[in-house]
Amino acid sequence: MKKIVIALDGYSSCGKSTMAKDLARQIGYTYIDTGAMYRAVTLYSMRNGIIKNGTIDTEKLERSMKDIHISFVFNPETGRPDTYLNGENIEKEIRTMEVAGWVSPVAALSFVRKALVSQQKQMGETKGVVLDGRDVGTVIFPDAELKIFVTAKPEVRAQRRLDESLAKGESVTFEEVLRNVQERDLLDTTRKEGPLKKADDAIVLDNSDMSIEEQKEWLLEQFNQVVTK
């Protein structure tokens with residue numbers, strides 16, 4: 001069976017990462033979390049005084065990109081890869097609301113995108129990979145054999161993010177999370193570098209009213225249709 005590149009793009013909090021991870025595990029592909037890479041840069045910036053007083057020191061961040069090394073290591077307990085920053089497992093740290101609030105502005109910086117897109121392209125050269133993000137099917141792998149564009153109602157996405165945050169013990173409200181979702185949508189769709197948009201040949205998946213199992217079944221069906229052609 002031929003190996004392909006699978007690109008899942010879409011809005012924040014649509015569950016793209018979970019879908020991509022589960023699909024990769026199911027079909028024996030490598031999962032590359034492009035969003036986690038931008039979150040890792042954001043976390044590094046927070047830890048090193050690059051983000052402070054409500055601003056990003058872009059010059060300092062650009063100088064620091066050479067010191068930011070991101071990798072993925074398979075976690076046998078979860079059956080999924082964890083994100084590592086300079087050898088440290090940061091999977092939990094990058095999923096906080098604080099990081100979520102800054103990741104879109106960081107990801108909009110051209111030098112950040114250029115550095116990470118280059119890494120992502122190298123990771124997917126041998127195919128047999130699943131990637132999720134904002135511009136995988138339009139910028140990183142425009143020739144991907146299977147492109148999915150994931151969307152859901154903002155209120156549904158906010159509730160999902162709220163449930164995750166509360167489960168982690170974070171103190172947030174639905175209104176705060178909804179505002180963050182809406183702000184990220186605006187930033188992601190209007191940024192100059194790799195804006196979020198549906199590729200012309202992408203299949204739209206609105207999972208507002210779908211269960212995780214229904215999504216898994218739908219994705220596997222799309223995959224099988226492509227690889228058996």
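**Exercise 1. State how much surface the protein exposes and what share carbon and sulfur atoms supply.**

The protein exposes about 11300 Å². Carbon and sulfur atoms supply 49% of that area. The areas come from the Shrake-Rupley method with a 1.4 Å probe; for residues, only the protein chains shown count as cover.

Some ground rules follow. This is a predicted model, in which local features need pLDDT of at least 70 and side-chain atom pairs count only at pLDDT 80 or more, while totals for chains, interfaces and linings use all residues. Residues are numbered from 1 along each chain as its sequence is written, and side-chain values use heavy atoms, with hydrogens and water left out.

**Exercise 2. Describe the overall fold and decide how compact the protein is.**

Step 1. Take the elements: nine helices and ten strands. Helices (H or I, at least four residues) and strands (E, at least two) are DSSP runs, numbered from the N terminus.

Step 2. Take the radius of gyration, computed over C-alpha atoms. It is 17 Å, close to the 17 Å that the globule rule gives for 229 residues, so the protein is as compact as a globular protein of that length. The rule is 2.2 Å times the number of residues to the power 0.38.

Step 3. Add burial. Of the 229 residues, 51% count as buried. Buried means under 20% relative accessible area, exposed over 50%, partly exposed in between (1.4 Å probe, protein chains only).

**Exercise 3. Classify the aromatic pairs and locate their partners.**

Step 1. Apply the rule. Rings of Phe, Tyr and Trp (its six-membered ring) pair if their centres lie within 6.5 Å; planes under 30 degrees apart count as stacked, over 60 as edge-to-face and the rest as tilted. The count comes to two aromatic pairs.

Step 2. Tyr 11 and Phe 149 have ring centres 5.9 Å apart and planes at 80°, so they are edge-to-face. Tyr 11 sits in the loop between β1 (5-10) and α1 (16-27), and Phe 149 in strand β9 (residues 146-151), so the pair ties together parts 138 residues apart in sequence. Tyr 11 is partly exposed at 24% relative accessibility. Phe 149 is buried at 8%.

Step 3. For Tyr 29 and Phe 223, the centres are 5.7 Å apart and the planes at 85°, so this pair is edge-to-face. Both residues are buried.

**Exercise 4. Place Asp 185 and list its contacts beyond four places in sequence.**

Step 1. Asp 185 lies in helix α8 (residues 174-190). At 12% relative accessibility, Asp 185 is buried.

Step 2. Leaving aside neighbours within four places in sequence, Asp 185 contacts Tyr 11, Ser 12 and Arg 157. Contact means heavy atoms within 4.5 Å.
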